[in-house]
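Student: I am new to this structure. Please take me through it in order, and then give me a close look at one single part.

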Amino acid sequence: MGWSRKDLVSMRELDAVEILMLVDTAASLQEIAGREIKKVPALRGKTIVNLFYENSTRTRTSFEIAGKWLSADVINFSAGGSSAAKGESFIDTAKNIAAMSPDVVVVRHSSAGAADVLARALPCAVVNAGDGAHEHPTQALLDLLTIREHKGHFEGLSVAIVGDIAHSRVARSNIHGMRKLGMTVTVAGPPTLIPPFVQELGVKVSYRLEDAIRDVDVIMMLRLQQERMTAGLIPSVREYSRYWGLTLDKLSAHARPDVLIMHPGPVNRGVELSPELADGPYSVILDQVAKGVAVRMAVLFLLAGNKGGGEP
Amino acid sequence: MSLLIRNGRVVDPAGSMDAVQDVLVKGDRVERLGSGLPAPDGAAVIDAAGKVVCPGFIDIHVHLREPGFEYKETVATGTRAAAAGGFTAVCCMANTHPVNDNRSITDYIRARAAAEGAVRVYPIGAVTRGLGGKELAELAELAEAGCVAFSDDGKCVMNAALYRRAMEYTLPFGVPVISHAEDDHLADGGAMHEGVVSTELGVPGVPAAAEDVMVARDILLAELTGAHLHVAHLSTAGAVRLVREAKARGVRVTAEVTPHHLLLTDEAVRSFDVNTKMNPPLRSRRDTEALLEGLLEGTIDCIATDHAPHALSEKEGEFDRAAFGIVGLETAVGLLLDRLVRPGILPLPTLVARLSRDPARLLGLPGGSLAPGSPADLTILDPSAEWTVDPARFESRSRNTPFGGWTLTGRPWMTIVGGRIAWQ
């Protein structure tokens, strides 16, 4: 069975078979990073536009490297230095870019649903590289690949996602992906950062870090945005860190010795994660970044590759 | 000039009438109802067999956008849309530019309506200057100029003391204040109903409590002042309950509901279609059920569209950045006939009452009745016509509707205003 979707907009829309196809493809592409000449001709002659309306270093670079290793022509468009800054609408900009016949548009936007809107508006493949607090499917896929490399399987694993769930597209995409692959998910954070009715997505909710991390296989810490404080969602970063920051002491006291610590980055060291943990033996944070390139290669290849063609 | 409308099913809730009758119109008044009425010399005869003849429908919540936003709608296009939708009168909200917070704007709107209006237009004046929520507009003069109610619709008067004063000051004019009940702080930044769908979509939510809190406050202020409070576009089960309790207590409160809040839920937002974005937002199934119950039992007095035209450029692209609101005049009657009357959920006479008699009584407007001597404002429905909503064919200048492509059975067939056919 092959890949049949035009776009990759959300994890919600994928079934387990599709998710595993993406993860397996990414796994097989990882070795390219170890080659002396990191280039395969899979997407030669294809054009990929990175349409980034929101700042991103890691994700944009990751997509760019992925496209280049696949021999595609990669063009970066960032809203700051473009027609968007002159007031051109999102749809107008997108249609103008579409008129130049790209094969894939990778979009990052601060508005939830931006990728859905673009996918409907454009004839080419659209990849969601993060839309507001909605979804970030390639992040979830790289998280899944990382988990499988370290744990060997998905079914039956338990994960705690800790922090600002309400504003996190990473949490949403992971919740969908993990649930579909048979994992148990607990979301944890102060109630003001837990979105309403989140239990209906099939997750457990915890309001205490020590409970949430007990006996789980994976702890995923989320970044705390400083503006949550001014919005009245938490009293202070100091208090947040005191109760929700993961430290070696808390980990040793409550978590399993073989637990994985993940973080989608960038890490607020000393806020949600203590430095000794971020760089310590439990952490697979840099591994996540490395796998990000493989996942994005897999996504670009499946969406833009020669349909029914051979291996890259 | 006389008009004889023959053999239609006449539904006139004000006169407890539901029977096949002829309606004779003389000049701009209803002359009489009866069976087998002879046509006077020179009378135009309309064969309404198979049709439903009703008192003209009145939409008390419309944004005509003129002056200031003529690219969205004008008095001319908005009233043509009203006529095409079966409405013989509309009340237009004050959030024009400049705001209708002084007599000159009210006069201007009325002059435009007199010159180009296809239906009757009753302006609603602002409560506060510039809708700023800080100081009262010149309410007495606005009332004298013909404003039939006061509202800062689109914005909530957050200052409870000022709203209290507005209620008191307008008491002698005998017109209600219309509340856009939404707590700014609770609603802050929200673009859809707060619920499981907003959680899944990652779209900032507006909790039902943002409305309930303000409905409760305004009911208490109405109780304090004795004013007539009308709550615009009720959208939550909690607000229905509050209005029901207040009415039982004898508070002078009335309420309206829109067709879209009766027929759609937040599930419609999953597509990120910006035409599912309005304020108040589409709520949950539980809320739509409570609204329907409120409409049936009379807790909710009338149906109003909150017709809110926007240009395409304001209604495309990113969901959270798009404008709030949809057009409603040309779809309301068809939607209600097809989705509520046809399945037997809402009796036709109740629908007609909530669209004619009840809004007329609520604001003390002429019409809402076919009793002899009433204004000859009539809406004639074809209950069996099948049609498909095609926004490209709207009379309105704007196309922002989530109902495009819906196939409906039942629609307005003819709209008569002051004894003249305004639309057919």
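Tutor: Chain B holds 13 helices and 17 strands. Keep in mind that the model is predicted. The C-alpha trace of chain B spans about 65 × 45 × 45 Å along its principal axes. How does its radius of gyration compare with that of a compact globule? For 424 residues, a compact globule would have a radius of gyration near 22 Å. Chain B has 20 Å, which agrees. Of the 424 residues in chain B, 61% are buried. Now take the contacts in chain B between residues at least 6 apart in sequence. Of these, 75% join residues at least 24 apart.

Go to strand β6(B), residues 57–62. This strand is mostly covered: six of its six residues are buried. Which strand does β6(B) join through four bridges? The partner is β7(B), residues 87–92, and the two run parallel. One pair to find is B:Phe57 in bridge partnership with B:Phe87 of β7(B). Helix α1(B), residues 75–84, belongs here too. Together, β6(B), α1(B) and β7(B) make a right-handed β-α-β unit.

Next, find B:Gly133. This glycine sits in the loop between β8 (120–123) and α3 (139–145) of chain B. Is B:Gly133 buried or exposed? Neither label fits: B:Gly133 has 17 C-beta neighbours inside 10 Å, so it counts as partly exposed. A buried residue needs 20 or more, and an exposed one has 12 or fewer. Set aside the neighbours of B:Gly133 within four places in sequence. The contacts of B:Gly133 are then B:Thr128, B:Asp152, B:Lys155, B:Val157, B:Met158, B:Asn159 and B:Leu162. For a pair to locate across the chain, take B:Gly133 and B:Arg342. These two are 209 residues apart along the chain, and their C-alpha atoms are separated by 43 Å.

Turn to chain A. Here there are twelve helices and nine strands. The radius of gyration of chain A is 19 Å, close to the 20 Å of the globule rule for 312 residues, so chain A is as compact as a globular protein of that length. Its C-alpha trace spans about 55 × 45 × 35 Å along the principal axes. Buried residues account for 49% of the 312 residues in chain A. Again, consider contacts between residues at least 6 apart in sequence: in chain A, 75% of them join residues at least 24 apart.

Follow three strands of chain A in turn. β5(A), residues 158–162, pairs with β6(A), residues 184–188, in the parallel sense over five bridges. A:Ile161 stands opposite A:Val187 of β6(A). A right-handed β-α-β unit is made by β5(A), α6(A) and β6(A). β6(A) also pairs with β7(A), residues 204–206. That pairing is parallel too, over three bridges. Here A:Ala188 stands opposite A:Ser206 in β7(A).

Where do the chains touch? The contact takes 20 residues from chain A and 16 residues from chain B. On the side of chain A that touches chain B, α3 (90–98), α4 (114–121) and α6 of chain A each supply at least two residues. α4(A) gives the most, with three residues. By class, this side of chain A has eleven nonpolar, five polar and four charged residues.

Now the close look: helix α5(A). This helix covers residues 137–151. Why is a span of 21 Å expected for it? The helix has 15 residues, and each step adds 1.5 Å, so the expected span is 21 Å. The end C-alpha atoms of α5(A) are 21 Å apart, which agrees.

How many residues of α5(A) are buried? Eleven of its 15 residues are, so to speak, under cover: the helix is mostly covered. The buried ones are A:Pro137, A:Thr138, A:Gln139, A:Ala140, A:Leu141, A:Leu142, A:Asp143, A:Leu144, A:Leu145, A:Thr146 and A:Ile147. What do they pack against? Among the helices of chain A, their partners are α1 (16–29), α6 (169–180) and α12 (285–304). Among the strands of chain A, they are β4 (125–131), β8 (218–221) and β9 (260–262). One of these partners, α6(A), also sits in the β-α-β unit with β5(A) and β6(A). α6(A) supplies at least two residues to the side that touches chain B as well. Finally, look just past the end of α5(A). There, A:Gly152 takes a positive phi of about 85°.

How values were computed. Residues are numbered from 1 along each chain as its sequence is written. Chains are lettered from A and ligands numbered from 1 in the order in which they are written. This is a predicted model: local features need pLDDT of at least 70, side-chain atom pairs count only at pLDDT 80 or more; totals for chains, interfaces and linings use all residues. The expected span of a helix is 1.5 Å times one less than its number of residues. Two residues are in contact if their C-beta atoms, placed from the backbone, lie within 7 Å. Ala, Val, Leu, Ile, Met, Phe, Trp, Tyr, Cys and Pro count as nonpolar, Asp, Glu, Lys and Arg as charged, and the others, Gly among them, as polar. The radius of gyration is taken over C-alpha atoms; the globule rule is 2.2 Å times the number of residues to the power 0.38. Two strands pair if DSSP finds at least two bridges between them. A crossover is right-handed if, with the strands pointing away from the viewer, the path from the first strand over the helix to the second runs clockwise.
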